[in-house]
Amino acid sequence: MLSWARTWRLPCGGLQLSRTSLSAVPVAPSSSGRGGAEPRPVPLSYKLLDGDAGRPALVFLHGLFGCKTNFNSIAQALARQTGRRVLTVDARNHGDSPHSPDMSYEAMSQDLQDLLPQLGLVPCVLIGHSMGGKTAMLLALQRPELVERLVAVDISPVETTSSADFPAYMAAMKAIDIPHEVSRSCARKLADKQLSPLIQDLALRQFLLTNLVEADGRFVWRVNLDALAQHVDKILAFPSQQDSYPGPTLFLLGENSKIVR
């Protein structure tokens, strides 16, 4: 169970997680609702591995700066082991999904409320990491009938406190200067060198650099840094909710994680 009062119940037994076609929704610009209106969903990019339609599908949601390919290996392994359908999704402003000025959890939840029924994947086993975990928790609280069970990975439904300086990371990424018409390997080396004074963790830099892509002869960030920077406080927070989710809920926390205390 997940509720705003933070009464959490872990499933008593092992969590039963649930082959291959690639589907992607065309990328297109989209606007969001204003003045208290329901956020307008954007057409998310996704990859769906086929499987038994009679069992709840597994749906993976990535974290900040991530994308659907983060889960390629585990998605393929679980599809083989369980025979279930497995969906990986790019959040708005990430990966191949459209950019939008709205980066609220309400908007990200609405994107999934639109997509999952279209694909016939409800109710599903919803598995979210970090930012994706907060999106998963909000969706479960708002529309519990869409979620058969919930897995939140290295995140909890409260404000995130971390030693990571996300606004500084975003500013550093926006400030990189890469000449036109250079090779991909050269562009990555230049970007890595420019990021290293602020971001000393090599693994973190390499993760961020997965977002560096070529477009029209120049290298750009595929994440919408403007929207992320504008809404970073919302991304670290969690929307206040009075609803509860009664389904089985599993919280997986990293032993050395600095995200959940």
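**Exercise 1. Helices on the sheet**

Task: In this predicted model, state which strands helix 1 (residues 72-82) lies across, and at what angle helix 1 runs to strand 2.

Solution. Step one is the position: helix 1 lies across strand 2, strand 3 and strand 4. Step two is the direction, and here helix 1 runs at about 25 degrees to strand 2. Step three adds another helix on the sheet. Helix 3 (residues 131-142) touches strand 3, strand 5 (124-129), strand 6 (147-153) and strand 10. The direction of helix 3 makes about 145 degrees with that of strand 5.

**Exercise 2. The order of the strands**

Task: Give the order of the six strands in the open sheet, and explain why strand 2 and strand 10 each have one side without a neighbour.

Solution. Begin with the order, which is 2-4-3-5-6-10, with mixed pairing. Then look at the ends of that order: strand 2 (46-49) and strand 10 (249-252) stand at the edges. Each of these two has a single partner strand, so one side of each is left without a neighbour in the sheet. Finally, the turn between neighbouring strands of this sheet averages 15 degrees, direction ignored.

**Exercise 3. Two strand pairs**

Task: Decide whether strand 3 and strand 4 pair in the parallel or antiparallel sense, and do the same for strand 7 and strand 8.

Solution. Recall first that strands of a sheet pair through backbone hydrogen bonds, in either of two senses, parallel or antiparallel. Strand 3 (residues 58-61) and strand 4 (residues 86-89) are parallel, with four bridges. As an example from this pair, L61 has V89 in strand 4 as its bridge partner. Strand 7 (residues 212-215) and strand 8 (residues 218-221) are antiparallel, also over four bridges. Here A215 stands opposite R218 in strand 8. The last step is the connection: strand 7 and strand 8 form a hairpin with two residues between them. In its turn, D216 has a positive phi of about 55 degrees.

**Exercise 4. Two helix crossings**

Task: Classify the packing of helix 2 (residues 105-118) with helix 3, and that of helix 5 (residues 184-195) with helix 6 (residues 202-209).

Solution. For helix 2 and helix 3, take the angle of about 70 degrees, with the axes 9 Å apart. Angles of 65 to 115 degrees count as roughly perpendicular, and helix 2 and helix 3 are therefore roughly perpendicular to each other. The crossing of these two helices is right-handed. On the helix 2 side the contact involves Y105, E106, M108, S109, L112, Q113 and L116. Helix 3 meets them with M131, K134, T135, L138, L139 and Q142. Sorted by class, this contact has seven nonpolar, four polar and two charged residues.

For helix 5 and helix 6, the axes come within 10 Å and cross at roughly 130 degrees. Helix 5 and helix 6 are therefore oblique to each other, and their crossing is right-handed. R188, A191, D192 and L195 of helix 5 make the contact with L202, R205, Q206 and L209 of helix 6. By class there are four nonpolar, one polar and three charged residues in the contact of helix 5 with helix 6.

**Exercise 5. An aromatic pair**

Task: Explain why the pair of F60 and F71 is called tilted.

Solution. The structure holds two aromatic pairs. In one of them, the ring centres of F60 and F71 are 5.0 Å apart and the planes stand at 35 degrees, so the pair is tilted. Next, place the residues: F60 is in strand 3, while F71 is in the loop between strand 3 and helix 1. The two are 11 residues apart.

**Exercise 6. Backbone exceptions**

Task: Find where P123, S130 and D154 lie, and describe the backbone there.

Solution. As background, most residues other than glycine have a negative phi, and most peptide bonds are trans. P123 is in the loop between helix 2 and strand 5, and the peptide bond from V122 to P123 is cis, with omega near -5 degrees. S130 is in the loop between strand 5 and helix 3, with a positive phi near 55 degrees. D154 is in the loop between strand 6 and helix 4 (166-175), and its phi is positive too, near 55 degrees.

Key: Residues are numbered from 1 along each chain as its sequence is written. This is a predicted model: local features need pLDDT of at least 70, side-chain atom pairs count only at pLDDT 80 or more; totals for chains, interfaces and linings use all residues. Side-chain values use heavy atoms; hydrogens and water are left out. Two strands pair if DSSP finds at least two bridges between them. Axes are lines fitted to C-alpha atoms, for helices over the stretch in contact, and angles run from 0 to 180 degrees between N-to-C directions. Contact means heavy atoms within 4.5 Å. Angles under 35 degrees count as roughly parallel, over 145 as roughly antiparallel, 65 to 115 as roughly perpendicular and the rest as oblique. A crossing is left-handed if the near helix is turned anticlockwise from the far one by less than a right angle, and right-handed if clockwise. Ala, Val, Leu, Ile, Met, Phe, Trp, Tyr, Cys and Pro count as nonpolar, Asp, Glu, Lys and Arg as charged, and the others, Gly among them, as polar. Rings of Phe, Tyr and Trp (its six-membered ring) pair if their centres lie within 6.5 Å; planes under 30 degrees apart count as stacked, over 60 as edge-to-face and the rest as tilted.
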